[in-house]
Amino acid sequence: DSTGRPGRNYWQLRTDYTIQVRLDPATGRLYGRETVLIHNRSDSALTQIALRLDPNIFRPTVPRGGSTPAETTDGMILTKVAVNGVAADLAAQAPGGGRGAGGAPPAAGGAVRVSGLTLTNARVSLPTPVPAKGTVTLDIEWNHKLPGGPGGQGHRMTQRWADTLFQPT
């Protein structure tokens, strides 16, 4: 409104996370599984979920600004994406998956479709839109190597130093 406070039509998605993660110090990899309960507080149906896959900035093929990581890695590897118990076929990533923000085409026939898994912004197209004021459960399993590499000490994009200090952010 005119005071700067949210007006009566203001809304935000709410997300409740349960995350389990473990570090394998020998390989410098994080392994995680999470369940995200997404509350659609809008007055419109939700047809897609955006995923931030920030560890993909370390993939050699991802566009990035002026920074060069201390080490390139295989990025964020998603091994499972399921919506309300319906798993996506991650081997059959939706067309356009490597071309940016266009997102996956609308899911049809009860399929969960995913695009952009090699980018920093991915999209999950829902088989059934989440109605206004409704909820959806997203289950994800993932892993990624914490970057460091030889000579990575002191580099601003380093998340590990030698084999004893890990700084995932």
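In the protein chain of this predicted model, residues 24 or more positions apart account for 58% of the contacts with a separation of 6 or more.

**Overall make-up**

The secondary structure of the protein chain consists of ten strands and zero helices. Read from the N terminus, the order of elements is β-β-β-β-β-β-β-β-β-β. The protein chain has 169 residues, and 37% of these count as buried. Its accessible surface is about 9,900 Å². Carbon and sulfur atoms contribute 51% of that surface.

**Strand S4 and its partners**

Strand S4 covers residues 77–83 and is paired both with strand S8 and with strand S5. The two pairings are set out below.

| Pair | Direction | Bridges | A pair of facing residues |
|---|---|---|---|
| S4 (residues 77–83) and S8 (residues 135–145) | antiparallel | six bridges | Ile77 and Asn143 |
| S4 and S5 (residues 86–87) | antiparallel | two bridges | Val83 and Val86 |

In the pairing with S8, Ile77 stands opposite Asn143. In the pairing with S5, Val83 has Val86 as its bridge partner.

**The hairpin of S4 and S5**

S4 and S5 form a hairpin with two residues between the strands. Within this hairpin, Asn84 adopts a positive phi near 50°. The strands on either side of the turn run antiparallel and are joined by two bridges.

Taken together, the description of S4 has two parts: six bridges to S8, and a hairpin with S5 in which Asn84 has a positive phi.

Technical notes: Residues are numbered from 1 along each chain as its sequence is written. This is a predicted model: local features need pLDDT of at least 70, side-chain atom pairs count only at pLDDT 80 or more; totals for chains, interfaces and linings use all residues. Side-chain values use heavy atoms; hydrogens and water are left out. Helices (H or I, at least four residues) and strands (E, at least two) are DSSP runs, numbered from the N terminus. Buried means under 20% relative accessible area, exposed over 50%, partly exposed in between (1.4 Å probe, protein chains only). Contact means heavy atoms within 4.5 Å. Accessible areas come from the Shrake-Rupley method with a 1.4 Å probe; for residues, only the protein chains shown count as cover. Two strands pair if DSSP finds at least two bridges between them.
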